[in-house]
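The exercises below deal with enclosed space and helix packing. Each task is followed by a solution in steps.

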Amino acid sequence: MKSARASAPGKLMLLGEHAVVYGHPCLVTAVDIRYSAAVTPLDKSTPAIHIHRAESSAARVIPLNELGQLSEPETAFVEAVVKRVHQQRTIATSLRIETDGPAISYGLGSSSAVTVAAAAALNESLDLGFGNRELFDLCFEAVLDVQGKASGFDVAAAIYGGTLYFSERGEVITPLDVPSLPIVIGYSGAKVGTVSLVEKVAQLHSRQPFMVESIFELVHRLTDDGRYALEQKAWAELGDLFNIQQGLLDALGVSTLPLSRLIEAARSAGAWGAKLSGAGGGDCMVALAEPDSVEAIRRAIHDAGGEIVEYASNASGVRIESSAT
Ligand code: MEV
């Protein structure tokens with residue numbers, strides 16, 4: 001048993017959001033906004049986890065035999081992943097788990113990154129020997145415990161890093177050999193939670209099954225074409241696919257006026273294509289930007305009320321930052 005700290009990146013969805021929840025593929029790139037978790041064994045008589053945020057001295061203490069109520073949103077993901085680990089390899093000691101990360105997450109996957117960082121730090125601290133596949137299964141189950149519905153693509157991005165083709169709820173996770181991506185990310189403002197947007201699409205799906213299934217089929221097709229375009233660096237073609245998927249996300253009812261303003265501004269300033277990224281309802285949009293137009297696109301997004309998000313794409317996956325007995 002030792003102390004260990006791990007960090008994991010956030011994510012940016014390139015193509016495939018919402019359809020991916022139903023088993024269709026998506027393209028995702030890891031973003032270098034990193035979240036960390038540090039695990040320290042504690043000498044206490046009743047085995048419990050003590051969860052802290054780095055900036056606060058307050059801890060949430062949960063006895064190991066009471067894990068799983070997930071009543072506090074702030075600590076639910078860490079609690080859920082410790083419970084999943086404990087089910088597989090009984091944890092017999094008390095642990096302090098301290099999480100840390102940027103104050104503003106821009107909807108770039110902070111929950112999955114924290115979950116993965118906590119699992120990786122536990123893996124190292126308790127010498128559990130989990131590989132990436134086992135970490136993915138554990139963390140995806142933990143995210144489902146908290147959220148109910150999710151595809152797991154963000155967990156895969158946090159573990160593997162780089163740019164991935166992800167399908168069948170994680171049965172297929174294929175790293176793509178792509179260069180750094182010519183993208184500009186704009187933040188439109190905070191949104192309601194991902195779960196309620198996934199639920200909104202589920203309700204439309206139950207009212208209009210044929211229409212929504214047909215949209216998902218198109219998203220599947222354009223994601224597969226997008227993978228090919230990405231691998232060929234066929235940016236203009238990928239830009240078309242971004243624009244088409246934005247139209248389909250609009251049809252699913254998850255775009256917003258502020259997002260549309262930023263997307264239109266980026267296109268008018270010369271982007272190959274632009275779309276919302278993630279669940280919609282707010283958060284980020286992404287534009288594929290020809291190098292000569294990057295500055296004009298950034299300015300246009302800013303002038304349309306957006307904030308430019310500076311984190312790099314294609315970031316490395318989860319890693320152990322320190323480990324000491
Ligand atoms: C959210 O970033 C993307 C969704 O497809 C949900 C998910 O895949 O878990 C809407």
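**Exercise 1.** How many cavities of 30 Å³ or more does a search of the whole structure find?

Solution. The model is a predicted one. Searching the whole structure gives 2 cavities of 30 Å³ or more. The largest has a volume of about 40 Å³, and the second largest holds about 30 Å³ of space.

**Exercise 2.** Determine which residues line the largest cavity, and where this cavity lies with respect to the domains.

Solution. Step one is to list the lining: K11, L12, M13, Y106, G107, L108, S277, D283 and C284. Step two is to sort these residues by character, which gives 5 nonpolar, 2 polar and 2 charged. Step three is to ask which element contributes the largest share; that is strand β1 (residues 3-15), with 3 residues. Step four is to compare the lining with the domain bounds. Domain 1 covers 3-178 + 314-320 and domain 2 covers 183-309; both give residues to the lining, so the largest cavity lies between them.

**Exercise 3.** Describe the lining of the second largest cavity.

Solution. The residues that line the second largest cavity are L14, L181, I183, L230, L238, F242 and L288. Sorting them gives 7 nonpolar, no polar and no charged residues. For the largest cavity, the corresponding division was 5 nonpolar, 2 polar and 2 charged.

**Exercise 4.** Classify the packing of helix α8 against helix α9 by angle and handedness.

Solution. Helix α8 spans residues 257-268 and helix α9 spans residues 294-303; their axes are 8 Å apart, and the helices pack at an angle of about 150°. Angles over 145 degrees count as roughly antiparallel, so α8 is roughly antiparallel to α9. The crossing of these two helices is right-handed.

**Exercise 5.** Do the same for helix α1 with helix α3, and for helix α2 with helix α4.

Solution. Take α1 (residues 76-88) and α3 (residues 132-147) to begin with. Their axes come within 8 Å and cross at roughly 130°. The two helices are therefore oblique to each other. The handedness of the crossing in which α1 passes α3 is right-handed.

Next, take α2 (residues 110-125) and α4 (residues 153-160). Here the axes come within 9 Å, and the crossing angle is roughly 50°. That angle makes α2 oblique to α4. As for handedness, α2 passes α4 in a right-handed crossing.

Methods: Residues numbered from 1 in each chain as written. Predicted model: local features only at pLDDT ≥ 70, side-chain atom pairs only at ≥ 80, totals over all residues. Heavy atoms only, no water. 1 Å grid on protein atoms, 1.4 Å probe; cavity = no way out; pocket = protein on both sides within 12 Å on 5 of 7 lines; lining within 4 Å. Points joined across faces, edges and corners; volume = space filled by probe spheres on them. Helix = DSSP H or I, 4+ residues; strand = E, 2+ residues; numbered from the N terminus. Nonpolar A, V, L, I, M, F, W, Y, C, P; charged D, E, K, R; others polar. Domains from an automatic or database assignment. Axes fitted to C-alpha atoms, helices over the stretch in contact; angles between N-to-C directions. Parallel < 35°, antiparallel > 145°, perpendicular 65-115°, else oblique. Left-handed = near helix turned anticlockwise from the far one by under 90°.
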